[in-house]
Amino acid sequence: MYPGLVHAHSGLRWIALILLLAAVAVAIGKWQGRSGYTDGNRKLYLFTLIAVHTQLLIGLLLYFISPKVNFDQLSDKLYRFYTVEHTTGMLIAIVLITIGYSRSKRATDPTTKQRLVGIFYGLGLLLILASIPWPFRIPGAGWF
Ligand code: HEM
């Protein structure tokens, strides 16, 4: 089960990243162009939220079974990364995206709806990019 979860979590990053990039580009474009709120962009923002929440769920499972999560070896860069840095960064990012989605859903003005997604999803995307274990940064991490 462990290797399957790591593969799913690693591969799903690309779906989450592509959806986030598309959502941020559409939201900022429509915010700046004041071009309204459509059913299509509402679905894009919802699927993006579902993708990052799925990552949260798999990540939480991994947190309990991964050998790379180890509170006794926090002086080691690799263990500290997965035990503290990756998890904290991703949790904050997912909270930001969730706040952006729900505040945008409650807003009534179309431009405000787009602005909230553009800002909160944008900040979440930056934090996720900074917290991913990219192979050029973290030994043993993969691209997929
Ligand atoms: C959008 C959010 C997230 C993304 C894009 C993401 C991405 C990744 C990637 C690419 C890896 C490396 C897998 C590999 O070695 O090939 C990884 C590992 C891991 N992630 Fe996440 N992650 C996210 C959220 C989380 C969260 C919220 C948690 C914990 C609550 C978490 C816990 C872990 C753990 C424990 C590992 C190490 C797995 C192992 O190799 O043993 N992740 N993550």
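Guide: Ala, Val, Leu, Ile, Met, Phe, Trp, Tyr, Cys and Pro count as nonpolar, Asp, Glu, Lys and Arg as charged, and the others, Gly among them, as polar. Before you dig in, note that this is a predicted model: local features need pLDDT of at least 70, side-chain atom pairs count only at pLDDT 80 or more, and totals for chains, interfaces and linings use all residues. Numbering starts from 1 along each chain as its sequence is written, and side-chain values use heavy atoms, with hydrogens and water left out.

Visitor: OK, the overall fold. How many helices does the protein have?
Guide: The C-alpha trace spans about 50 × 25 × 25 Å along its principal axes. Helices (H or I, at least four residues) and strands (E, at least two) are DSSP runs, numbered from the N terminus, and in that order the elements go α-α-α-α. With zero strands around, the helix count is four.

Visitor: How many residues in the lining of the largest pocket are nonpolar?
Guide: A pocket is an open set of points on a 1 Å grid over the protein atoms alone where a 1.4 Å probe fits, with protein on both sides within 12 Å along at least five of seven lines; lining residues have an atom within 4 Å of a point. Helices H1 (2-33), H2 (39-65) and H3 (77-106) each chip in at least two lining residues, and the whole lining runs to 30 residues. Ten of those are polar and two charged, leaving the nonpolar ones at 18.

Visitor: What is the geometry of the iron site?
Guide: From the protein, the ligand's iron gets NE2 of His9 and NE2 of His86, lying 2.0 Å from it; donors are N, O and S atoms within 2.8 Å of the metal (3.2 Å for Na, K and Ca), and sites may look incomplete because water is not among the atoms. That pair links distant parts of the chain, with His9 in helix H1 and His86 in helix H3, 77 residues apart. Six donors pass the test if opposite ones are over 155 degrees apart and all others between 65 and 115. Here six donor atoms make angles of 83 to 180°, which makes the site octahedral.

Visitor: Is His9 buried or exposed?
Guide: Buried means under 20% relative accessible area, exposed over 50%, partly exposed in between (1.4 Å probe, protein chains only). His86 has 13%, which puts it in the buried class. At 18%, His9 is also buried.

Visitor: What is the angle between the ring planes of Tyr45 and Tyr121?
Guide: Rings of Phe, Tyr and Trp (its six-membered ring) pair if their centres lie within 6.5 Å; planes under 30 degrees apart are stacked, over 60 edge-to-face and the rest tilted. The whole structure holds ten such pairs. Tyr45 and Tyr121 have centres 6.1 Å apart, and they are edge-to-face because the plane angle is 70°.

Visitor: How many residues apart in sequence are the parts that this pair ties together?
Guide: Tyr45 sits in helix H2 and Tyr121 in helix H4 (residues 110-131). Both rings belong to buried residues, Tyr45 at 1% and Tyr121 at 0%. The sequence separation of the parts they tie together is 76 residues.

Visitor: What separates the C-alpha atoms of Ala141 and Ser10?
Guide: Ala141 is found in the segment after H4, and at 17% relative accessibility it counts as buried. Ser10 is 131 residues away along the chain, yet the C-alpha separation is 9.1 Å.

Methods:
Tetrahedral: all angles 85-135°; square planar, octahedral: opposite > 155°, others 65-115°.
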